[in-house]
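Me: Please take a close look at a single part, slowly enough for a first-year student, and then place that part in its wider surroundings. I would like the terms explained as they come up.

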Amino acid sequence: MSEFVVTFEPHNKHVIVPRGTDLLTACLRAGIFLSASCGGEGLCGKCKVVVRKGAVKSERSRLVSEEERKKGVVLACESIVESDLEVFIPQESIETHPHLTAESEECAPDMLPEEDLPFKHAPMVEKIYLELDRPTHEDSISDLGRIYKALEDRFKTMSVSTHLANVKHLGDVLRESDFKVTATVGYKDGAFEILALEPGDTTRLNYGFAFDIGTTTVTGELIDLHSKKVLATRIAYNRQAGYGSDIITRIIYGSTPEGLEKLSEAIVSNIDEMVEDMAEACEINLATVGAVLCAGNVTMMHLLLKIDPTHIRKEPYVATVTAFPTTPISEVGIELNPKGLFFSVPGVATYVGGDIVAGVLSSGLYKEEDLALLIDIGTNGEIVLGNKEWMIGAAASAGPAFEGSGLAFGMKAVKGAIQKVSIDEKLGVACETIGSDKPRGICGSGYIDLLFQMAKRKIIARNGKIDRGLASKRIRKNEYGYEFVVAFKDESAVGKDIVITEDDIENLKRAKGAIYSAIISLLDKVGKKAEDLKRIYIAGGFGSYINVESAVSIGLLPDIDRKLYAYIGNSSLAGARLSLLSREAFLKTHEIHKGITYLDLSSEPRYMDEYIASLFFPHTDMGRFPSVRL
Amino acid sequence: MGIELVKEKYSGGINTVEIGKAGRGPVKIGGETTLPFLFEEGQMPHPPIAGLEVFDCEPVDWPEPLKKAWGDSLKDPVKWAQRCVSEFGAKILCVRMQSIHPDWGGRPSDEAVATLKAMAQAVKVPLVVLGCGDDDKDNEALPKASQALKGENCLFGIATQDNYKTLTATCLADGHSIIADSPIDINIAKQLNILISDMGFDPKRIAMHPTTASLGYGMEYVYSIMERARLAAFIGDKMLSMPLALFVGQEAWKVKEAKELGEKQGVNWETATSVAMLQAGADLLVVRHPETARLVTKYIDMIMRKR
């Protein structure tokens, strides 16, 4: 027998894995994230699990004590499944918090497409209904030739092709349908490829998926390509996090063929699950979905497409591909119509990927008359400055704090996340959660509000340290330092107090500092000041809300007229959606990615100085935040 | 035709911090409106000053050439302090409460404060009082020391970005000034000054320690940070307008060139470092060898004569 059932407790989850699978991978398949900051190398000792029944082949590790070994404790990454197993996972081995699940969750589409697309509606995979003339002795062109001709007339191009499989029974299909057929036509590298031919008019049944693939979160949409409507939206944590939460660990892990295989499998399983979930919710037959379009950072795209990422991490940090070729879905491994096509938005450079190019597209930055800025706050703060004449982009390694990752009660902007906070003079806290549910945690916009409110009420000093002297039951000492209670146990949905710790604040302070200093460095590079900006687009997974006043007051964003700011939600996903709906938009992304100059902040001598100066609330140089009173 | 010198004019200036009181000094440091010794461009109303450093216990880790200069008086902190003033003419004394450090025997803070008080009574010069560098012990002992010297207007140290609140609160209550320490980083220096001021402490009672590094061991990094802080102050940055205090003795006598090549070499090392720091803008130098104090004071007198 070469397959075994592994049961995970206390989750009561079962997975079937082949012999030789390591337990870390098995956990991941079960949708359980273990801590593995070393990326499954057996070095960090954080992925301890207890084998209660069954046999594993396990390397002896000095990170497991003799006493632990006797109790069945092993490192998951170093243990190979040899039989059916029952495995207990201690709380402390779990990467994220129990109130976060690995499953995808529904979230509100944050920016529905406008009734009138800014681009011509002509999807990447289009369904064309053809009413062909029946052949006669005079008009004796072949069946396929007849279809080609009709499509060539339609697309005004000679570049139409198809596969052998599509034409084997074409003669019957045409005659049985009275020469009335629908051709599914994909756009690939400037040419058109017939993906399928079916009888009758099925143009109404044309669907596609748009994805934003981030280091921490993955967001997807099911789009009706015919009506231009978004039918469903889902968000999930990137399952690769189980192999290391940061991008570098993952690159290292993906530098071996086996590692790359596992990382790719992890993200593909994410996508599969979201696809299935959305299709089921909308009662759509997956066989009718012929297009997937992804906007993602360059590393994520390497890992998804199984392109060796080794060189990204090595001087001079050049990616193998930034503009990924269009490929059949079957080659990517996603479980969809295998004949369908997989598209991706091209990136600018290693750390300014297709997600930001998609953002430039959807925000319209590339056609601005005046100086504008796009800030995409994800795992990296990616920033593009410019207008219709020129653009310059940079990435600030902000970390995933504003995505809710790595914080005691951080979570994505989904139901139950605290997104608005106010604190009164007596230090009473009023929260507003997404969906008005009982709070489960705090999302990025909630943290931004919280920091501002805490600073305003002097709960934290300007360096972010909690004032130990304040008399309030919300301020208390924990194992590592001080914390502030945002919602008490009885108000929360997780059965315990929801807190923000000094470590969280430190994390958020670094994240906001990295983003602000990147903005300033970029402006400085082109001889501009924050005051010169006429428009600022804020993008990111903040759900439906970010308080610009709070963001400025904590020093995340420059202190300029608040009216110049516009929150545009997940601009990467919006750009992916536009590209999927319009070839014109997709082609525009290929112009945009070539038009952005990349600035490597790590080689900017002033950046580090700027960064240290910004590790303060709002900033060391108060003169830059004249309107902020803390 | 004569050459006219280009002269910089600045809008800002350095705060003046007074240490001591009538009958104990006082001395004033700071007040500059120019980079060091450019008398054509601005004022240096108060000459920089070199003070001697004494411990409240025998400094067992000091190198031999340095110990030799002081002899047996190292065993008696009060006598040692008196010699600094009466024999070597120190105008300011820096007392380090090293005896409370856990690695130095961890003397109870009350005993250490008693020694400090005895030392303070034995001399009539202004005092700089430093803790031992262990946060927990300092937070216990420095408030007591501050209280014991209430009204003496001492300069207390060292406040760091992670441990400034206790010292700030106690100096505020007892009327002392404070030294704010930063790790060769102009931003952190400024942040700490803001944090201390945010507690209601008068920024004009803060001196900055930008980190001291010895000749050959990173001194030029400190030099450039001091220069940057000064230039920022002169263009009006109030949160960097504090006088600069440097602990040259502690660094110079750590390096092997000073420790192992004889007393004269050690003194030269300490002196050279001091002079470089004066040229970078130091207002208060704390040195360990009496001969260094004499040479540096002589240098200051000489260069200030051009005023």
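Reply: Helices here are DSSP runs of H or I of at least four residues and strands are runs of E of at least two, numbered from the N terminus. This is a predicted model, in which local features need pLDDT of at least 70 and side-chain atom pairs count only at pLDDT 80 or more, while totals for chains, interfaces and linings use all residues. Residues are numbered from 1 along each chain, chains are lettered from A and ligands numbered from 1 in the order written, and side-chain values use heavy atoms, without hydrogens or water.

The part to look at is helix α7 of chain B, which runs over residues 219-234 and has 16 residues. Because each residue should add 1.5 Å, the helix is expected to span 22 Å (1.5 Å times one less than the number of residues), and the 23 Å between its end C-alpha atoms agrees with that. Just past α7(B) comes Gly236(B), which has a positive phi, near 110 degrees.

Now consider which residues of this helix are hidden, where buried means under 20% relative accessible area, exposed over 50% and partly exposed in between, with a 1.4 Å probe and protein chains only. The buried residues of α7(B) are Met219(B), Val222(B), Ile225(B), Met226(B), Ala229(B), Arg230(B), Ala232(B), Ala233(B) and Phe234(B). Their cover, counted by contact (heavy atoms within 4.5 Å), includes two helices of chain B, α6 (186-198) and α10 (263-280), together with the strands β8 (206-209) and β9 (245-246).

The helix belongs to a chain with eleven helices and ten strands. Chain B has 307 residues, and 59% of them count as buried, while its C-alpha trace spans about 65 × 45 × 35 Å along the principal axes. If we take the contacts in chain B between residues at least 6 apart in sequence, 69% of them join residues at least 24 apart. Elsewhere in chain B, strand β6 (residues 155-159) holds Ile158(B), and the peptide bond that joins Gly157(B) to Ile158(B) is cis, with omega about 5 degrees.

Chain A has a helix α7 too, which covers residues 298-304 and contains His302(A). His302(A) counts as buried because its relative accessible area is 0%. Leaving aside residues up to four places away in sequence, His302(A) touches Leu260(A), Ile307(A), Asp308(A), Pro309(A), Ile312(A), Ala319(A), Thr320(A), Val321(A) and Phe324(A). With two of these partners the distances of polar atoms can be given: a polar atom of the His302(A) side chain lies 3.2 Å from the backbone nitrogen of Thr320(A), and the side chain also reaches the backbone nitrogen of Val321(A) at 3.4 Å. For such polar contacts, the pair of N or O atoms must be within 3.5 Å, one able to donate a hydrogen and the other to accept it within protein, and residues adjacent in sequence count only if both are side-chain atoms. The loop between α7 and β17 (327-328) of chain A contains Pro316(A), whose peptide bond with Glu315(A) is cis, with omega about -5 degrees.

Two further loops of chain A also deserve a careful look. Lys156(A), in the loop between α3 (143-155) and β10 (160-162), has a positive phi of about 50 degrees although it is not a glycine; Lys156(A) counts as exposed because its relative accessibility is 73%. Glu283(A), in the loop between α6 (257-281) and β16 (289-296) of chain A, likewise is no glycine and has a positive phi, near 50 degrees; Glu283(A) is exposed because its relative accessible area is 73%. From Glu283(A) to Leu24(A) the C-alpha atoms are 34 Å apart in space, and the two residues are 259 apart in sequence.

Finally, there are the cysteines. With a disulfide taken as a pair of cysteine sulfur atoms within 2.5 Å, the count over all chains is zero. Cys27(A) is in no disulfide, and the nearest cysteine sulfur, that of Cys47(A), is 8.5 Å away; Cys27(A) is buried because its relative accessibility is 1%. Cys132(B) is in no disulfide either, with the nearest cysteine sulfur, that of Cys57(B), 9.9 Å away, and Cys132(B) counts as buried at 9% relative accessibility.
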